[in-house]
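Got the viewer open and a few minutes to spare? Take this short tour one selection at a time.

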Amino acid sequence: MEVSEDYEFKDYVIPSARRFPLPPTTTSVHVTALDGLVTVNSLFTVAVFVGLSLTSPGQRSLEDNTACDAGLDVVRNLLVFEVVSFSFFLFSSLIAQGLKLAINLLNSKDVDEAFRAHINARVLRLGMLGSAVGSVMGCLFLLLSMVNVIQIRLGMLSCGSTAAVRAVAVLLTLVCSALAVYISTIFYAFTH
């Protein structure tokens, strides 16, 4: 089909698949990141309840020495750390779910723009930062509770239980390394 030079393109409609990109404040990357955060928080919440189910007061450790058995204070600390960890994970997940809900409700106004919505970038960044901080704090308290689980099951660290010391060393090394990467990634993302 030949088009004359006088033809005007003012009525031309761009198909939805070829539309120009939306501003940086509206992106599906945020929804994907929030989904991932909620999923990870859910897995950690399961770990909280597994830690609770594995311990009970008066439980003997696997060490032959009864002096290496954990006292009530260790079990009490375990429960406190587990509850605080669960609270932080729930806090983080609820913020992430709230942001996702806001994005999806704003999406419902424009059916063609799936997973994209105009939302205040400052509120979105603040919410995502709050959710990330909640996850980090939850991980720290989960780490502390796992140290107590190890002491209850393998023997007290103060007793010098070799298995307990090795397990705690590996746990601290890996979790602290992962948290350092996570925190530096978050810091980089929010400063660039």
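Start with the whole chain on screen. Among contacts between residues at least 6 apart in sequence, 80% join residues at least 24 apart. Keep in mind that this is a predicted model.

Now switch to a cartoon view. You'll find 4 helices and 0 strands, so to speak an α-α-α-α pattern when you read along the sequence. Turn on the surface next: it comes to about 12,400 Å², and 67% of that belongs to carbon and sulfur atoms. Of the chain's 192 residues, 31% count as buried.

**Stop one: the annotated spans**

Select residues 83-103, 123-147 and 167-190. An unreviewed UniProt entry lists these under "transmembrane region". Take residues 83-103 by themselves: the span is 100% helix and 0% strand, with its end C-alpha atoms 30 Å apart. Then move to residues 123-147, which are also listed in that entry. Here the chain is again 100% helix and 0% strand, and the end C-alpha atoms lie 36 Å apart.

**Stop two: a pair of helices**

Color helix 3 (residues 121-154) and helix 4 (residues 162-191). At what angle do helix 3 and helix 4 pack? The angle is about 175°, and the axes are 10 Å apart. Because of that angle, helix 3 is roughly antiparallel to helix 4; the cut-off for this is over 145 degrees. Show the side chains where the two helices meet, and you'll be looking at 25 nonpolar residues, 1 polar and 1 charged.

**Stop three: S85**

Jump to helix 2 (residues 72-107) and pick out S85. Is S85 buried or exposed? S85 counts as buried, because its relative accessibility is 0%. Leave out residues up to four places away in sequence, and S85 touches V48, G138, F141 and L142. Show those as sticks and keep them on screen for the last stop.

**Stop four: L142**

Click on L142, one of the residues that S85 touches. L142 sits in helix 3. With a relative accessible area of 9%, L142 is buried; the cut-off for that is under 20%. Which residues are in contact with L142, leaving aside its neighbours within four places in sequence? They are F44, A47, V48, S85 and F89.

To finish, draw a distance line from the C-alpha of L142 to the C-alpha of V48. The two are 94 residues apart in sequence, yet 6.9 Å apart in space. V48 is also on the contact list of S85, so leave V48, S85 and L142 selected together for a final look.

How values were computed:
Residues are numbered from 1 along each chain as its sequence is written. This is a predicted model: local features need pLDDT of at least 70, side-chain atom pairs count only at pLDDT 80 or more; totals for chains, interfaces and linings use all residues. Side-chain values use heavy atoms; hydrogens and water are left out. Axes are lines fitted to C-alpha atoms, for helices over the stretch in contact, and angles run from 0 to 180 degrees between N-to-C directions. Helices (H or I, at least four residues) and strands (E, at least two) are DSSP runs, numbered from the N terminus. Angles under 35 degrees count as roughly parallel, over 145 as roughly antiparallel, 65 to 115 as roughly perpendicular and the rest as oblique. Ala, Val, Leu, Ile, Met, Phe, Trp, Tyr, Cys and Pro count as nonpolar, Asp, Glu, Lys and Arg as charged, and the others, Gly among them, as polar. UniProt positions are given in the numbering used here, feature names are shortened, and annotations may be inferred rather than shown by experiment. Buried means under 20% relative accessible area, exposed over 50%, partly exposed in between (1.4 Å probe, protein chains only). Contact means heavy atoms within 4.5 Å. Accessible areas come from the Shrake-Rupley method with a 1.4 Å probe; for residues, only the protein chains shown count as cover.
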